[in-house]
Amino acid sequence: MNKLEHLAIIMDGNGRWAKKRGWNRTKGHEKGVETVRDITIHCSKIEEIKTLTLYAFSTENWKRPKLEVNFLMKLLERYLKNEEPTYMKYGVKFETIGDLEPFSKGLRKVIDNLKEKTKNNTNLKQYIALNYGSQDEIVRAVNSLVKENIEVTTDTLTNALDLPYSIDLLIRTSGEHRLSNFLLWQVAYSEFFFTDTLWPDFSPNELDTIIDNFKNRERKFGGI
Ligand code: IPE
Ligand code: IPE
Ligand code: MG
């Protein structure tokens, strides 16, 4: 049976979830945040899952209308401020991947604060991808090696990435079958699972079913 140490999720479908109900897209993002909390708590209780990496905002998501981008920034700030007790109660260590430079000073302070507060938590490491694009991550990593005159190898490049780990299982919700610039390097040998469920409707129960499916797959890593 496969061991699931690192789970990554492309949390997609918030807008469609709201639209289906005749609501503003922002309602979907609000509900989506509740799913983030539920899934994080659930993963913190599953012994073998050590790392949960969540795609929250891509380098391409800045193309969205300013109102939606601003709403997402405020929502993120509110979530990180309010959820500190949850991170502490369930022993979750908060980390980010992606380039935080374009975010406001205020938001960056909230991010740094939660990282500092949760740094000794050991049940689960949660990486939230913010202004994350895999191509941007790889370019930044290669440039940092070039600058330090380090030869580019699979190992040196991996270690220079924001997320220097491989993914065991990648889930994407909402029926889209693409990576959208997420962890291109790290998914080299991941198992993929696509579900039609929209992110706000995704549940710990469905995650358990997907994990069962993953457990019974044959992973070969190029061998026989
Ligand atoms: C995912 O939901 C959340 C973010 C990308 C921020 P979407 O906002 O992409 O929802 P859909 O895909 O439009 O339904
Ligand atoms: C991917 O979803 C990014 C996140 C989930 C944060 P998108 O909704 O932005 O991706 P596309 O545009 O459908 O590929
Ligand atoms: Mg989408």
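Which oxygen atom lies 3.4 Å from a polar side-chain atom of R172? One belonging to ligand 2. This is a predicted model, so read what follows with that in mind.

**Ligand 2**

R172 has company around ligand 2: the surrounding residues are I10, M11, D12, Y55, A56, F57, N61, R64, R172, R178 and S180. R178 brings an N or O atom of its side chain to 2.8 Å from an oxygen of the ligand, and R64 has a polar side-chain atom 3.3 Å from a ligand 2 oxygen. On its own, ligand 2 exposes 390 Å², and the protein buries 78% of that. Sorted by class, the shell comes out as 5 nonpolar, 2 polar and 4 charged residues. Strand β2, residues 51-58, is the top contributor to this shell, with 3 residues. As for where the ligand sits, the space it takes is the largest pocket.

**Ligand 1**

Ligand 1 also takes up space that is the largest pocket. Around it you'll find M11, D12, G13, N14, G15, R16, R25, H29, A56, N61, R64 and L72. Two helices, α1 (14-20) and α2 (25-44), each put at least two residues into that shell, and α1 gives the most, with 3. The class split here is 3 nonpolar, 5 polar and 4 charged.

R64 turns up again: an N or O atom in its side chain is 2.7 Å from an oxygen of ligand 1. With G13 and N14, on the other hand, the polar atom on the protein side belongs to the backbone, at 3.4 Å for G13 and 3.1 Å for N14. The protein covers 86% of the 380 Å² of accessible area that ligand 1 has by itself.

Here are the polar pairs for both ligands:

| Ligand atom | Protein partner | Distance |
|---|---|---|
| Ligand 1 oxygen | G13 polar backbone atom | 3.4 Å |
| Ligand 1 oxygen | N14 polar backbone atom | 3.1 Å |
| Ligand 1 oxygen | R64 side-chain N or O | 2.7 Å |
| Ligand 2 oxygen | R64 polar side-chain atom | 3.3 Å |
| Ligand 2 oxygen | R172 polar side-chain atom | 3.4 Å |
| Ligand 2 oxygen | R178 side-chain N or O | 2.8 Å |

**The cavity**

How many cavities of 30 Å³ or more does a search of the whole structure find? It finds 1. The largest cavity has a volume of about 60 Å³, and its lining is made up of R37, T40, I41, Y79, E83, T86, Y87, Y90 and V92. Helix α2 shows up here too: along with α4 (84-89), it supplies at least two lining residues, and α2 gives the most, with 3. By class, the lining has 5 nonpolar, 2 polar and 2 charged residues.

Note on methods: Residues are numbered from 1 along each chain as its sequence is written. Chains are lettered from A and ligands numbered from 1 in the order in which they are written. This is a predicted model: local features need pLDDT of at least 70, side-chain atom pairs count only at pLDDT 80 or more; totals for chains, interfaces and linings use all residues. Side-chain values use heavy atoms; hydrogens and water are left out. A residue is near a molecule or strand if one of its heavy atoms lies within 4 Å of it. A polar contact is a pair of N or O atoms within 3.5 Å; within protein, one must be able to donate a hydrogen and the other to accept it, and residues adjacent in sequence count only if both atoms are side-chain atoms. Accessible areas come from the Shrake-Rupley method with a 1.4 Å probe; for residues, only the protein chains shown count as cover. On a 1 Å grid over the protein atoms alone, a cavity is a set of points where a 1.4 Å probe fits but cannot get out, and a pocket is an open set with protein on both sides within 12 Å along at least five of seven lines; lining residues have an atom within 4 Å of a point. A molecule sits in a cavity or pocket if more than half of its atoms lie within 2 Å of its grid points. Helices (H or I, at least four residues) and strands (E, at least two) are DSSP runs, numbered from the N terminus. Ala, Val, Leu, Ile, Met, Phe, Trp, Tyr, Cys and Pro count as nonpolar, Asp, Glu, Lys and Arg as charged, and the others, Gly among them, as polar. Grid points are joined across faces, edges and corners, and a volume is the space filled by probe spheres set on the points.
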